[in-house]
Amino acid sequence: IQNFRGSCAHVDSCDPDTVVLQNPTLDAAAVIAPGTPLPYPDERFDLIVSRYVFEHLDDPKWAASELLRVLKPGGWICVMTPNKWGYVALASRLTPNRMHAGALRNVQPGRQEKDVFPTVYKLNRPGDVRRWFGHGADVYHYSMSAVPSYHFGSALLFRLFQFVHRLTPPVFDVGLRFFIQKRMGG
(Lines give C-alpha, C1' and ligand atoms only; values in the text may rest on other atoms or scores of the structure.)
Protein backbone atom coordinates (compact mmCIF):
# COMPACT_ATOMS: atom_id res chain seq x y z
CA ILE A 1 0.00 0.00 0.00
CA GLN A 2 1.33 3.40 -0.93
CA ASN A 3 1.06 5.91 1.87
CA PHE A 4 0.86 9.58 0.89
CA ARG A 5 -0.59 10.59 4.24
CA GLY A 6 1.57 13.29 5.77
CA SER A 7 3.19 14.00 2.39
CA CYS A 8 0.10 15.82 1.10
CA ALA A 9 -2.23 18.37 2.63
CA HIS A 10 -5.07 15.83 2.61
CA VAL A 11 -5.55 12.30 1.22
CA ASP A 12 -9.10 11.25 0.28
CA SER A 13 -10.27 8.06 -1.34
CA CYS A 14 -13.54 6.68 -2.60
CA ASP A 15 -14.52 3.23 -3.77
CA PRO A 16 -17.68 1.14 -4.25
CA ASP A 17 -16.16 -1.42 -1.83
CA THR A 18 -16.55 -0.70 1.90
CA VAL A 19 -12.97 -1.89 2.48
CA VAL A 20 -11.90 1.69 1.64
CA LEU A 21 -13.20 2.73 5.07
CA GLN A 22 -10.51 0.62 6.79
CA ASN A 23 -7.56 2.02 4.83
CA PRO A 24 -5.15 3.47 7.43
CA THR A 25 -3.28 5.56 4.84
CA LEU A 26 -6.20 7.95 4.27
CA ASP A 27 -7.36 11.14 5.95
CA ALA A 28 -10.92 10.53 4.71
CA ALA A 29 -12.75 7.77 2.84
CA ALA A 30 -16.15 7.42 1.22
CA VAL A 31 -18.15 4.55 -0.24
CA ILE A 32 -19.68 5.52 -3.57
CA ALA A 33 -22.21 4.11 -6.01
CA PRO A 34 -20.97 4.12 -9.62
CA GLY A 35 -22.95 6.53 -11.76
CA THR A 36 -23.74 8.91 -8.89
CA PRO A 37 -21.90 12.18 -8.21
CA LEU A 38 -18.63 11.82 -6.33
CA PRO A 39 -18.98 13.13 -2.75
CA TYR A 40 -16.66 16.10 -3.31
CA PRO A 41 -17.19 19.73 -4.25
CA ASP A 42 -16.16 21.06 -7.65
CA GLU A 43 -12.43 21.67 -8.11
CA ARG A 44 -11.49 20.00 -4.81
CA PHE A 45 -8.29 18.16 -5.85
CA ASP A 46 -4.89 19.12 -7.27
CA LEU A 47 -4.03 15.48 -7.99
CA ILE A 48 -6.09 12.34 -8.52
CA VAL A 49 -4.36 8.94 -8.62
CA SER A 50 -6.13 5.94 -10.11
CA ARG A 51 -4.31 2.60 -9.88
CA TYR A 52 -5.90 -0.25 -11.80
CA VAL A 53 -9.44 1.15 -11.73
CA PHE A 54 -10.13 2.26 -15.33
CA GLU A 55 -10.51 -1.35 -16.52
CA HIS A 56 -13.49 -1.69 -14.16
CA LEU A 57 -15.34 1.50 -15.16
CA ASP A 58 -18.51 0.66 -17.05
CA ASP A 59 -19.49 4.29 -17.80
CA PRO A 60 -16.54 6.30 -19.21
CA LYS A 61 -18.69 9.41 -19.70
CA TRP A 62 -19.61 9.51 -16.01
CA ALA A 63 -16.03 8.77 -14.91
CA ALA A 64 -14.50 11.51 -17.06
CA SER A 65 -17.18 14.04 -16.15
CA GLU A 66 -16.91 13.44 -12.40
CA LEU A 67 -13.10 13.26 -12.27
CA LEU A 68 -12.76 16.49 -14.26
CA ARG A 69 -15.46 18.14 -12.11
CA VAL A 70 -13.59 17.51 -8.85
CA LEU A 71 -10.14 18.35 -10.30
CA LYS A 72 -8.81 21.91 -10.08
CA PRO A 73 -7.84 23.65 -13.33
CA GLY A 74 -4.19 22.80 -14.00
CA GLY A 75 -4.50 19.67 -11.82
CA TRP A 76 -3.52 16.18 -12.86
CA ILE A 77 -5.14 12.75 -13.03
CA CYS A 78 -2.50 10.01 -12.99
CA VAL A 79 -3.72 6.61 -14.16
CA MET A 80 -2.21 3.12 -14.21
CA THR A 81 -4.30 0.59 -16.12
CA PRO A 82 -3.97 -2.46 -18.36
CA ASN A 83 -3.85 -1.82 -22.10
CA LYS A 84 -6.98 -3.17 -23.79
CA TRP A 85 -4.80 -4.91 -26.40
CA GLY A 86 -2.14 -6.31 -24.03
CA TYR A 87 -2.13 -10.02 -23.27
CA VAL A 88 -3.35 -9.56 -19.68
CA ALA A 89 -6.47 -7.70 -20.84
CA LEU A 90 -7.00 -10.06 -23.77
CA ALA A 91 -6.87 -13.06 -21.44
CA SER A 92 -9.21 -11.28 -19.04
CA ARG A 93 -11.72 -10.51 -21.79
CA LEU A 94 -11.60 -14.10 -23.09
CA THR A 95 -12.31 -15.40 -19.58
CA PRO A 96 -15.84 -14.74 -18.27
CA ASN A 97 -15.82 -12.45 -15.20
CA ARG A 98 -17.33 -15.22 -13.09
CA MET A 99 -14.17 -17.29 -13.72
CA HIS A 100 -11.60 -14.54 -13.02
CA ALA A 101 -11.02 -15.47 -9.37
CA GLY A 102 -10.25 -19.09 -10.24
CA ALA A 103 -7.96 -18.12 -13.11
CA LEU A 104 -6.08 -15.59 -10.98
CA ARG A 105 -5.50 -18.19 -8.26
CA ASN A 106 -3.15 -19.88 -10.73
CA VAL A 107 -1.57 -16.73 -12.16
CA GLN A 108 -1.25 -14.80 -8.87
CA PRO A 109 -1.27 -17.42 -6.09
CA GLY A 110 -1.34 -14.83 -3.29
CA ARG A 111 -4.31 -12.87 -4.64
CA GLN A 112 -7.47 -13.13 -2.55
CA GLU A 113 -10.82 -13.73 -4.22
CA LYS A 114 -12.28 -10.64 -2.53
CA ASP A 115 -9.75 -8.55 -4.49
CA VAL A 116 -11.02 -9.67 -7.91
CA PHE A 117 -13.53 -7.36 -9.61
CA PRO A 118 -15.38 -7.50 -12.96
CA THR A 119 -13.54 -5.91 -15.88
CA VAL A 120 -15.05 -4.12 -18.89
CA TYR A 121 -12.10 -2.35 -20.62
CA LYS A 122 -14.04 0.67 -21.89
CA LEU A 123 -11.39 3.21 -20.87
CA ASN A 124 -8.16 1.37 -21.66
CA ARG A 125 -6.89 2.71 -24.95
CA PRO A 126 -5.32 6.11 -25.61
CA GLY A 127 -8.09 6.94 -28.09
CA ASP A 128 -10.80 6.13 -25.52
CA VAL A 129 -9.18 8.27 -22.82
CA ARG A 130 -8.75 11.18 -25.27
CA ARG A 131 -12.36 10.76 -26.39
CA TRP A 132 -13.78 11.07 -22.89
CA PHE A 133 -11.28 13.46 -21.25
CA GLY A 134 -9.99 15.46 -24.24
CA HIS A 135 -12.78 18.05 -24.24
CA GLY A 136 -11.51 19.51 -20.96
CA ALA A 137 -7.99 18.17 -20.55
CA ASP A 138 -4.73 17.38 -22.27
CA VAL A 139 -4.00 13.65 -22.30
CA TYR A 140 -0.50 12.17 -22.31
CA HIS A 141 0.36 8.50 -22.12
CA TYR A 142 3.06 5.89 -22.38
CA SER A 143 2.94 2.13 -22.49
CA MET A 144 4.91 -0.46 -20.58
CA SER A 145 5.24 -4.19 -20.16
CA ALA A 146 3.66 -6.12 -17.29
CA VAL A 147 4.66 -6.41 -13.68
CA PRO A 148 6.08 -9.78 -12.52
CA SER A 149 2.90 -10.70 -10.64
CA TYR A 150 1.19 -11.69 -13.91
CA HIS A 151 3.84 -14.30 -14.69
CA PHE A 152 2.95 -17.02 -12.17
CA GLY A 153 5.59 -15.56 -9.82
CA SER A 154 8.32 -16.78 -12.18
CA ALA A 155 11.29 -14.47 -12.79
CA LEU A 156 12.19 -16.55 -15.85
CA LEU A 157 8.75 -16.07 -17.43
CA PHE A 158 8.87 -12.37 -16.62
CA ARG A 159 12.25 -12.02 -18.37
CA LEU A 160 10.99 -14.03 -21.35
CA PHE A 161 7.97 -11.74 -21.71
CA GLN A 162 10.22 -8.68 -21.35
CA PHE A 163 12.18 -9.98 -24.37
CA VAL A 164 8.96 -10.62 -26.32
CA HIS A 165 7.79 -7.07 -25.53
CA ARG A 166 10.87 -5.66 -27.22
CA LEU A 167 9.80 -7.40 -30.43
CA THR A 168 6.11 -6.46 -30.42
CA PRO A 169 4.59 -3.11 -31.38
CA PRO A 170 3.69 -0.77 -28.49
CA VAL A 171 -0.02 -1.15 -29.26
CA PHE A 172 0.25 -4.60 -27.62
CA ASP A 173 2.15 -3.48 -24.50
CA VAL A 174 0.51 -4.71 -21.34
CA GLY A 175 0.16 -1.53 -19.31
CA LEU A 176 -0.70 2.09 -19.91
CA ARG A 177 0.07 5.16 -17.85
CA PHE A 178 -2.03 8.27 -18.48
CA PHE A 179 -1.35 11.80 -17.30
CA ILE A 180 -4.42 13.94 -17.77
CA GLN A 181 -4.11 17.66 -17.07
CA LYS A 182 -7.28 19.71 -16.74
CA ARG A 183 -7.09 22.83 -18.86
CA MET A 184 -7.25 26.20 -17.17
CA GLY A 185 -10.81 27.43 -17.51
CA GLY A 186 -11.80 23.88 -18.59
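This passage walks through some of the charged and aromatic side-chain pairs in a predicted model.

Charged pairs come up first. Side chains of opposite charge can pair when their charged atoms come close. Searching the whole structure turns up seven salt bridges. One of them joins R44 to D12, with 3.2 Å between the closest N and O atoms. Since R44 sits in the loop between β2 (28–31) and β3 (45–51) while D12 belongs to strand β1 (residues 12–15), this pair ties together parts that are 32 residues apart in sequence. The two partners fall into separate exposure classes: D12 is buried, at 19% relative accessible area, under the 20% limit for that label, whereas R44 is partly exposed at 32%.

Another salt bridge runs between D42 and R69, whose closest N and O atoms are 2.8 Å apart. It also links distant parts of the chain, as D42 is in the loop between β2 and β3 and R69 is in helix α1 (residues 60–70), 27 residues away. D42 is exposed, with a relative accessible area of 52%; R69, at 22%, counts as partly exposed.

R69 has a further partner in E66, and their side chains meet in a salt bridge of 2.8 Å, N to O. Here the two residues belong to helix α1 and are three residues apart, so about one helical turn separates them. E66 is buried, its relative accessible area being just 8%. Through shared partners, the salt bridges join D42, E66 and R69 into one network.

Next come the rings. A pair of aromatic rings is described by the distance of the centres and the angle of the planes. The whole structure holds four aromatic pairs according to the search. Among them is the stacked pair of F54 and F133, with centres 6.0 Å apart and 10° between the planes. F54 lies in the loop between β3 and α1, and F133 lies in helix α4 (residues 126–133), so the pair ties together parts that are 79 residues apart in sequence. Both F54 and F133 are buried.

Y142 and F179 make another stacked pair, at 6.1 Å centre to centre and with 15° between the planes. This one links strand β5 (residues 137–144), home to Y142, with strand β6 (residues 175–182), where F179 is found; the two residues are 37 apart along the chain. Y142 is partly exposed, with a relative accessible area of 42%, and F179 is partly exposed too, at 29%.

How values were computed
Residues numbered from 1 in each chain as written. Predicted model: local features only at pLDDT ≥ 70, side-chain atom pairs only at ≥ 80, totals over all residues. Heavy atoms only, no water. Salt bridge = Lys/Arg side-chain N within 4 Å of Asp/Glu carboxyl O. Helix = DSSP H or I, 4+ residues; strand = E, 2+ residues; numbered from the N terminus. Buried < 20%, exposed > 50% of the residue type's maximum accessible area, 1.4 Å probe, protein only. Phe/Tyr/Trp six-rings, centres within 6.5 Å; stacked < 30°, edge-to-face > 60°.
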